[in-house]
Amino acid sequence: MTSPPFEPPALCGPLRRPCQMLAEQRYDGHKSIHDDATAGSLGLRAGPIEGPTHFSQFDPLLHHLYGQAWFETGCLSAHYQNMVVEGEEVRAFVQPAEPGRRLARIWAEKRDGTPVLTGTASVGPRIEGEPTEPTEPTEPTEIEQRIAKLRPPGPLVIYRDLRVGQQGAVTARVRMGFEQHMGDSYPFTLAGKLKVITEPCRWYAPDGGASSPWGRPILPREMISVLLSSSSAHDLRGRGPAIGLFAGQEIRLIRGPLFVDHPYDLEREVIALSESARTESAWIRTRVFDGETAALVAEMILNHAVMKASYAAYDREAAELGRGA
């Protein structure tokens with residue numbers, strides 16, 4: 001049998017203009033990189049749109065590819081490449097997995113072809129009956145590949161207090177209602193997001209959720225990121241004040257979907273530490289348990305990178321630790 005003469009075609013979504021909703025975000029007593037003035041102080045032309053906002057553009061493509069399983073056991077794993085500011089247009093692409101493989105390739109581009117993110121997508125088996133651990137894909141996801149290639153960092157400054165394997169001291173209880181404010185880190189509500197989300201879906205809405213396969217409204221994947229990142233009740237943080245950003249992120253549903261106004265418990269663990277010329281990174285895995293059944297329902301891996309130049313004491317403390325700034 002001869003191999004096909006063409007590469008299999010990729011699924012392609014429309015150009016969208018995602019909205020900036022974090023201009024007023026605050027943490028550690030200061031505004032974040034999403035504020036135009038703060039971004040400008042770091043050499044950026046404007047406050048970027050948060051990376052997981054782009055996840056919504058993949059949902060129609062991956063639902064077309066995988067069906068209902070995408071919302072139950074789907075895993076989206078992405079490395080963020082270039083920032084997007086409000087007004088720029090972005091398009092999502094999905095290259096289905098090759099025969100015998102599990103992982104689809106995903107990427108997003110601006111109108112001019114500038115890459116926004118690259119990654120992988122996959123689904124696991126649907127969980128039926130009694131809870132069991134799902135089968136993992138045999139191929140490493142985008143984030144797993146990147147963690148495997150990390151080199152040991154030099155003496156860290158901002159993240160010097162963290163260690164690989166360190167677990168958060170507190171289990172956080174979270175939930176997200178339609179009109180619930182998620183704190184200073186996320187100064188908008190789910191209802192507000194649904195008014196501007198790039199890919200509206202009736203399964204997300206108060207009046208359409210009952211028509212979903214699960215009989216109730218579900219959280220968009222980009223809002224799962226908000227739910228899991230909004231809680232400040234954990235101690236796996238770097239020194240500050242300093243400006244951070246999401247450099248890579250994986251959201252895996254195990255017994256999904258996650259539901260609106262349902263309780264979840266979060267457990268966090270440091271799974272890697274790294275650095276680049278401009279940043280230090282803590283790779284945190286958040287495990288999500290159903291607050292009523294205690295079943296493991298989802299996981300997130302987040303590469304939270306902090307810009308060295310934004311930490312005022314970086315040079316002095318680096319010298320004290322015996323490393324060059």
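Two strands count as paired when DSSP finds at least two bridges between them. With that in mind, let us walk through this predicted model, starting with one of its hairpins. Strands β6 and β7 form a hairpin with four residues between them, and in it G113 takes a positive phi near 95°. Strand β6, residues 104-110, runs antiparallel to β7 over six bridges, and within this pairing W107 stands opposite T118 in β7. Strand β7 has another partner to look at: β4, residues 74-80, pairs with β7 in the antiparallel sense over seven bridges. Here S77 is the residue that stands opposite T120 in β7. Strand β7 itself, residues 115-123, is mostly covered, with eight of its nine residues buried.

Stepping back helps to place this part of the model. The protein chain holds seven helices and 12 strands. Of its 325 residues, 53% count as buried. Among contacts with a separation of 6 or more, 72% are between residues 24 or more positions apart.

Now for the interior. The largest nonpolar core has 54 residues, and F58, L227 and L258 are those with the most contacts inside it. Helix α6, residues 221-229, gives this core its largest share, five residues. If you pick out F58, you can follow its contacts beyond four places in sequence to L76, A92, F93, V94, I106, W107, A108 and L117. W107 is a name you have met already, as the residue opposite T118 in β7. Apart from this core lies another, of 16 residues, with I158, L236, L273 and A282 among them.

The packing also leaves some empty space. Rolling a probe the size of a water molecule over the atoms shows where such space is left. In this structure there are four cavities of 30 Å³ or more. The second largest cavity has a volume of about 80 Å³. It is lined by 13 residues, of which E50, T53, F188, K193 and E222 are the closest to its centre. Helix α6 appears again here, as three residues from α6 make up the largest share of this lining.

Next, turn to the loop between β9 and β10, where several features can be viewed together. H262 lies in this loop, with β9 spanning 244-253 and β10 spanning 264-275. Is H262 buried or exposed? H262 counts as buried because its relative accessibility is 6%, and the cut-off for buried is under 20%. Its side chain makes a polar contact of 3.0 Å with the side chain of D290. Beyond four places in sequence, H262 touches V174, R175, R216, D290 and E292.

The residue D261 is found in the loop between β9 and β10 too. Its relative accessible area is 44%, so D261 is partly exposed. The backbone of D261 deserves a look: its phi is near 55°, a positive value in a residue other than glycine. Most residues other than glycine have a negative phi, and most peptide bonds are trans. The loop between β9 and β10 also contains P257, and a cis peptide bond with omega about 0° joins G256 and P257.

From D261 you can cross to a part of the chain that is distant in sequence. The C-alpha atoms of D261 and E179 are separated by 9.8 Å, although the two residues are 82 residues apart along the chain. E179 sits in the loop between β8 (172-174) and α5 (190-196). With a relative accessible area of 60%, E179 is exposed. Leaving aside neighbours within four places in sequence, E179 is in contact with T189 and A191.

Two further backbone features complete the walk. Where does P241 lie? P241 is found in the loop between α6 and β9, and the peptide bond from G240 to P241 is cis, with omega near 5°. A294, in turn, lies in the loop between β11 (279-290) and β12 (296-307). A294 has a positive phi of about 70° although it is not a glycine, and at 56% relative accessibility A294 counts as exposed.

Notes: Residues numbered from 1 in each chain as written. Heavy atoms only, no water. Helix = DSSP H or I, 4+ residues; strand = E, 2+ residues; numbered from the N terminus. Buried < 20%, exposed > 50% of the residue type's maximum accessible area, 1.4 Å probe, protein only. Polar contact = N/O pair within 3.5 Å; in protein donor to acceptor, adjacent residues only side chain to side chain. Contact = heavy atoms within 4.5 Å. Core = buried A, V, L, I, M, F, W, Y, C linked by side-chain atoms within 4.5 Å. 1 Å grid on protein atoms, 1.4 Å probe; cavity = no way out; pocket = protein on both sides within 12 Å on 5 of 7 lines; lining within 4 Å. Points joined across faces, edges and corners; volume = space filled by probe spheres on them.
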